[in-house]
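Some terms used for a protein rest on fixed cut-offs. The turns below ask how such terms apply to the structure shown here.

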Amino acid sequence: DGTFEIFRCFHAADRVQNDDGQEVGASRAFFHTIASLLREDDLTHVAMAFDSVVSRVDRKDRSDSALIRSQFPIVADIARALGITIWPMSRYEADDAIATGAHRFGDEIDRTVICSNDNDFAQCIQADRIVRLNRITKETWNERDVIDRFGVAPQYIPEYLALVGDPSDGIPGIPGFGAKGTAALINRYGHL
């Protein structure tokens with residue numbers, strides 16, 4: 001998720017400007033974090049989705065949001081220069097492209113690793129073939145991990161998060177539906 005990576009890099013990296021006065025600190029951090037990913041021994045294919053790639057921003061706007069947006073084109077160029085396939089999204093979210101790619105190409109390669117810390121991707125996990133890697137904590141989830149964490153199989157994660165809630169996506173959940181009760185309900189009745 002290129003959008004997540006640029007936000008993470010922006011908030012973790014020092015502020016640095018290039019000779020033209022443009023903020024590039026997150027772009028530099030992005031390069032280093034993606035270069036480290038590309039050094040993984042078993043890596044064969046890489047694609048990166050962005051929620052949107054902004055080509056022009058108001059250079060006078062110095063808000064954090066504007067400083068991040070101004071680096072999207074730089075980050076996309078860095079990713080392309082490193083040989084990464086870019087999936088720029090305008091109508092859908094990067095998450096949608098990533099989930100679609102995992103589903104579409106999952107049968108063509110031995111193992112698909114979705115690099116994200118987003119719980120939504122738990123629904124994409126299939127045994128040990130499609131897994132989720134949180135690059136921050138270095139924690140990898142397979143199907144057994146999803147069941148252990150949520151109490152339901154990956155295909156039921158949309159129902160689980162709809163009932164329990166998912167604050168990161170602004171889903172409040174339904175009052176009275178806790179983790180254990182929701183898992184028991186879903187395991188008994190299946191899809192809503």
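Q: What makes a residue buried, and what share of the residues in the protein is buried?
A: A residue is called buried when its relative accessible area is under 20%, exposed when that area is over 50%, and partly exposed in between, with a 1.4 Å probe and protein chains only. By this rule, buried residues make up 40% of the 192 residues in the protein. The model is a predicted one, in which local features need pLDDT of at least 70 and side-chain atom pairs count only at pLDDT 80 or more, while totals for chains, interfaces and linings use all residues. Residues are numbered from 1 along each chain as its sequence is written, and side-chain values use heavy atoms, with hydrogens and water left out.

Q: How do you know which side chains of the protein count as positive or negative?
A: Lys and Arg count as positive and Asp and Glu as negative, whereas His and the chain ends are not counted. The protein therefore has 21 positive and 30 negative side chains. With each charge placed at NZ of Lys, CZ of Arg, CG of Asp or CD of Glu, the centres of the two sets lie 3 Å apart.

Q: What makes two residues a contact, and what percentage of the contacts with a separation of 6 or more joins residues 24 or more positions apart?
A: Contact means heavy atoms within 4.5 Å. Among contacts in the protein with a separation of 6 or more, residues 24 or more positions apart account for 51%.

Q: What are the helices and strands of the protein, and how many are there?
A: They are DSSP runs, with H or I over at least four residues for a helix and E over at least two for a strand, numbered from the N terminus. The protein has eight helices and five strands, in the order α-α-β-α-α-β-α-β-β-β-α-α-α from the N terminus on.
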